[in-house]
Amino acid sequence: MMIDDAGGLVFRPPSEARSFILRVTIGCSHNMCTFCAMYKDSVYRVRSLEEIDGIIERGAAAMPFIRRIFLADGDALVLPTDSLLHILKKCYDTFPNITRIGAYATPADLNRKSPEDLKRLHEAGLGILYLGIESGDDTVLKHVKKGTTAALTIQAGKKALDAGMKLSTMILLGLGGQERTVEHALHTAEVVSAINPTMLSALSLIIPKNVPLYQDVQQGTFTPLTARGFLKELDMILRHTTMIKPCIFRSNHVSNLLPIGGTLPMDKEAMLSSLEAYIPREDDTTPLLNDNGNF
Ligand code: SF4
């Protein structure tokens with residue numbers, strides 16, 4: 001739900017489907033990841049506080065029943081802390097029924113903020129952050145121009161949790177291609193275990209024709225996983241996680257071959273068992289192609 005005339009595509013996590021989407025930036029401040037098509041057509045800008053206040057006032061007048069707000073676009077946490085505090089206060093003062101506000105964040109956004117700033121944001125009602133980990137393998141992160149490292153991602157995730165926020169993280173199956181599937185799986189398991197987020201979602205890589213990674217496929221420097229490869233990689237990641245605190249795990253995105261879910265570490269063996277039954281035979285080399293010919 002939103003009131004907006006800025007144009008361009010708008011994205012939000014599936015769990016924010018009933019939230020009011022408040023675009024505090026247009027686009028993503030990084031916008032370099034070679035696998036991501038989300039904001040490639042947007043010209044990045046930070047909205048003025050006056051513009052944002054106006055949207056909040058119009059949104060609250062039209063939809064006073066709203067209980068959750070999601071700050072978009074790609075990494076709302078990039079805004080200065082004072083601006084975010086202003087926006088959070090305005091939202092809670094204006095919408096009468098708000099219980100939670102969330103936002104996307106990059107590792108760089110989190111690491112730029114001090115622990116005190118993150119605590120202030122949490123106390124002001126920023127309850128959940130969505131962090132795209134994508135991979136825990138430094139070679140993969142560098143190849144896809146994610147703009148971070150495994151160590152910086154761990155630092156960022158821990159900072160969000162230490163500030164009291166819920167942390168929902170995403171990893172991307174297949175991001176290492178066939179070339180680095182083992183390293184991608186093992187290092188990703190290490191990073192998510194070190195962070196021990198509140199929630200972890202595993203999505204499967206889809207490579208549309210308008211992203212740079214598609215050129216890597218065409219040039220033969222990146223080989224997409226087979227159907228079996230995706231399931232094996234998910235199996236490897238789950239098998240090597242060592243969560244201590246409960247982490248809700250989901251691999252039920254539309255991109256995934258097999259919907260599985262549970263709470264780590266308790267449901268790990270049950271999820272591995274259900275996954276094992278669906279891993280196809282060793283000689284299955286079928287690539288995943290959708291109707292548009294995308295990988
Ligand atoms: S930081 Fe996120 S939204 Fe921005 S380009 Fe990378 S994957 Fe896309």
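Colleague: How many residues of each class, nonpolar, polar and charged, does the shell around the ligand have?

Modeller: This is a predicted model, in which local features need pLDDT of at least 70 and side-chain atom pairs count only at pLDDT 80 or more, while totals for chains, interfaces and linings use all residues. Residues are numbered from 1 along each chain as its sequence is written, and side-chain values use heavy atoms, with hydrogens and water left out. The residues around the ligand (one heavy atom within 4 Å of it) are Cys28, Asn31, Met32, Cys33, Phe35, Cys36, Tyr39 and Lys146. If Ala, Val, Leu, Ile, Met, Phe, Trp, Tyr, Cys and Pro count as nonpolar, Asp, Glu, Lys and Arg as charged, and the others, Gly among them, as polar, the shell has 6 nonpolar, 1 polar and 1 charged residues.

Colleague: Where is asparagine 31 placed in the chain?

Modeller: Asparagine 31 is one of the residues around the ligand, and it has a positive phi of about 50° although it is not a glycine. With strands (E, at least two residues) and helices (H or I, at least four) taken as DSSP runs numbered from the N terminus, its place is in the loop between β2 (25-26) and β3 (45-46).

Colleague: Which three residues supply 60% of the area that domain 1 buries against domain 2?

Modeller: An automatic or database assignment sets the domain bounds, giving domain 1 (1-105) and domain 2 (133-284). Between them the two domains bury about 1,000 Å², 69% of it on carbon and sulfur atoms, where buried area is the accessible area (1.4 Å probe) that two parts lose on being put together, summed over both. On the side of domain 1, the three residues that supply 60%, more than any other three, are Thr34, Phe35 and Ala37.

Colleague: How many salt bridges are there between domain 1 and domain 2?

Modeller: A salt bridge is a side-chain nitrogen of Lys or Arg within 4 Å of a carboxyl oxygen of Asp or Glu, and a search of the whole structure finds 13 of them. Between domain 1 and domain 2, however, the count is 0.

Colleague: Which helices does the salt bridge of arginine 120 and aspartate 82 link?

Modeller: The closest N and O atoms of arginine 120 and aspartate 82 are 3.7 Å apart. The pair links distant parts of the chain, 38 residues apart, with arginine 120 in helix α4 (residues 115-123) and aspartate 82 in helix α2 (residues 81-94).

Colleague: What is the omega of the peptide bond from leucine 264 to proline 265?

Modeller: Proline 265 lies in the loop between β10 (260-264) and α10 (268-276). The peptide bond that joins leucine 264 to proline 265 is cis, with omega near 0°.
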